[in-house]
Amino acid sequence: MILDQKRHMAETAEQSFVCPDDLLVERWLPGFKRLSLPLDCERCGATSPYTFRIAGAEVNVLCPRGHRYTADVIQPPAARQIQHLVHTRRPGRPLPFPSGPGAVCTMPVLRERRALLPAPTKTGRQRDLLDEAGWRWSRRIERDFGDWPASLQAYALARHVMALALPHSADLWQRLHPAAGGNTIDAHMTAVVIGLAIDETGRHTNASSLRRMAIQDVLDLALAPDVAPALRDARPLTPYHPGRFMYAVRRLDVARFEAADPDRYDSWCRLAAQALGCAQETVLNDPTTTLFGQAVRLADISELLGRHWQHVECLQWHHTIDSAFNSHGQRVHFALARWWDWSVRRVR
């Protein structure tokens with residue numbers, strides 16, 4: 001009850017920020033010419049700086065000369081994407097106006113070492129870790145999503161969930177985004193919990209595809225109050241170098257899991273469940289959705305964000321592509337698949 005009251009207060013409280021640079025909006029001119037022109041005031045034509053005020057589902061914009069009007073085309077998610085751009089901008093450069101839910105990734109990224117936790121180095125111990133059923137499931141999952149290992153797919157999908165949920169939830173925005181006073185570490189650990197929950201749900205259900213899993217299954221099987229505590233001990237394996245495996249969890253994240261008290265860890269799990277629920281609701285409320293009474297899948301989130309979201313940047317928020325990898329797109333994924341096969345044959 002108290003959490004619901006706090007969430008309602010966050011959703012209805014007014015948030016404001018200033019955009020000091022021009023916002024470039026794509027406009028069609030006669031002759032079918034598309035130009036990027038600065039957003040200007042309807043009354044005086046001023047372009048910057050603008051003051052944005054978000055209150056519930058309404059966005060009010062205050063131009064430099066004090067003219068206040070309601071911008072029907074600027075919804076709260078777009079305004080929060082603009083706030084993210086202002087927070088991460090380079091001064092003096094115009095900002096692109098967000099053209100859709102996937103135009104800007106608002107998930108904050110920690111600037112820290114991304115070293116993964118190493119798996120045991122003894123061959124016998126690796127053979128114990130690589131059970132036959134788990135290995136076959138991982139290989140089947142890889143073929144479904146550009147030859148990415150299962151744990152990397154889960155973290156990429158977690159980024160999609162956070163990118164869609166953050167701008168659509170005032171409560172998550174205020175608690176997790178630094179532009180609104182949120183905690184970046186909590187945002188990172190929330191995404192890590194979502195990634196581990198997706199991976200564990202896929203392994204538990206022997207899913208044929210992580211993307212086609214229902215969001216409700218992840219909530220019920222991995223983030224329910226009675227099973228969520230087990231996620232802090234989850235250590236999925238991922239190939240790293242020929243003949244070497246790593247746990248797909250950062251060293252620093254393992255330290256955070258171990259140092260977190262039960263209340264702090266429970267808050268990460270609640271935020272992860274809230275983000276998944278918000279993303280699910282956003283997909284269902286989208287005017288272009290064709291889901292009527294059907295379960296929302298993780299792939300529906302990716303499709304709503306856009307096809308351009310399926311690239312290597314969805315991995316780099318968590319993993320660091322080593323210098324031994326080719327960091328230019330699809331070749332990375334094929335290299336990972338080949339090294340996975342070679343490594344498994346070696347330890348067997």
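Is P77 buried or exposed? P77 is buried, because its relative accessible area is 17%, and buried means under 20%. Keep in mind, as you look through these close-up views, that this is a predicted model.

**View 1. The whole chain, to get your bearings.**
Before zooming in, take a moment with the full chain, which has 13 helices and ten strands. It holds 348 residues, and 51% of them count as buried. Now think about contacts between residues with a separation of 6 or more: 69% of these join residues 24 or more positions apart.

**View 2. P77 in helix 2.**
Here we return to our opening residue. P77 belongs to helix 2, which covers residues 76-87. Which residues does P77 contact, if we set aside its neighbours within four places in sequence? The answer is P167 and H168. You can also look for I54, 23 residues away from P77 along the chain; the C-alpha atoms of the two are separated by 9.8 Å.

**View 3. Helix 2 meets helix 5.**
Two packed helices are described by the angle between their axes and the distance between the axes. For helix 2 and helix 5 (residues 150-168), the angle is about 105° and the axes are 7 Å apart. How are the two helices placed relative to each other? They are roughly perpendicular, because angles of 65 to 115 degrees count that way. On the helix 2 side, P76, P77, R80 and Q81 take part in the contact, and they meet L166, P167 and H168 of helix 5. Sorted by class, the contact is made up of four nonpolar, two polar and one charged residues.

**View 4. H177 and its surroundings.**
H177 sits in the loop between helix 6 (170-176) and helix 7. This histidine is buried, because its relative accessible area is 1%. Who are its partners? Not counting residues up to four places away in sequence, H177 touches H84, H87, T106, P108, L172 and G182. Look again at T106: its backbone oxygen lies 3.2 Å from a polar atom of the H177 side chain.

**View 5. P91, out in a loop.**
P91 can be found in the loop between helix 2 and strand 7 (95-96). Its relative accessibility is 67%, so P91 counts as exposed. Try finding D21 as well: P91 and D21 are 70 residues apart along the chain, with 7.7 Å between their C-alpha atoms.

**View 6. Two spots to check along the backbone.**
Start with P49, in the loop between strand 3 (33-38) and strand 4 (50-55). The peptide bond that leads from S48 to P49 is cis, with omega near 0°. Next, move to N206, in the loop between helix 7 (184-205) and helix 8 (215-221). What is the phi of N206? It is near 55°, a positive value in a residue other than glycine. N206 is partly exposed, because its relative accessible area is 49%.

**View 7. A look at C63 and C105.**
A disulfide is a covalent bond between the sulfur atoms of two cysteines. How many disulfides are counted in this model? The count comes to zero, with a pair of cysteine sulfur atoms needing to lie within 2.5 Å to qualify. C63 is buried, with a relative accessible area of 4%. C105 is buried too, at 19%.

Conventions
Residues numbered from 1 in each chain as written. Predicted model: local features only at pLDDT ≥ 70, side-chain atom pairs only at ≥ 80, totals over all residues. Heavy atoms only, no water. Helix = DSSP H or I, 4+ residues; strand = E, 2+ residues; numbered from the N terminus. Buried < 20%, exposed > 50% of the residue type's maximum accessible area, 1.4 Å probe, protein only. Contact = heavy atoms within 4.5 Å. Polar contact = N/O pair within 3.5 Å; in protein donor to acceptor, adjacent residues only side chain to side chain. Axes fitted to C-alpha atoms, helices over the stretch in contact; angles between N-to-C directions. Parallel < 35°, antiparallel > 145°, perpendicular 65-115°, else oblique. Nonpolar A, V, L, I, M, F, W, Y, C, P; charged D, E, K, R; others polar.
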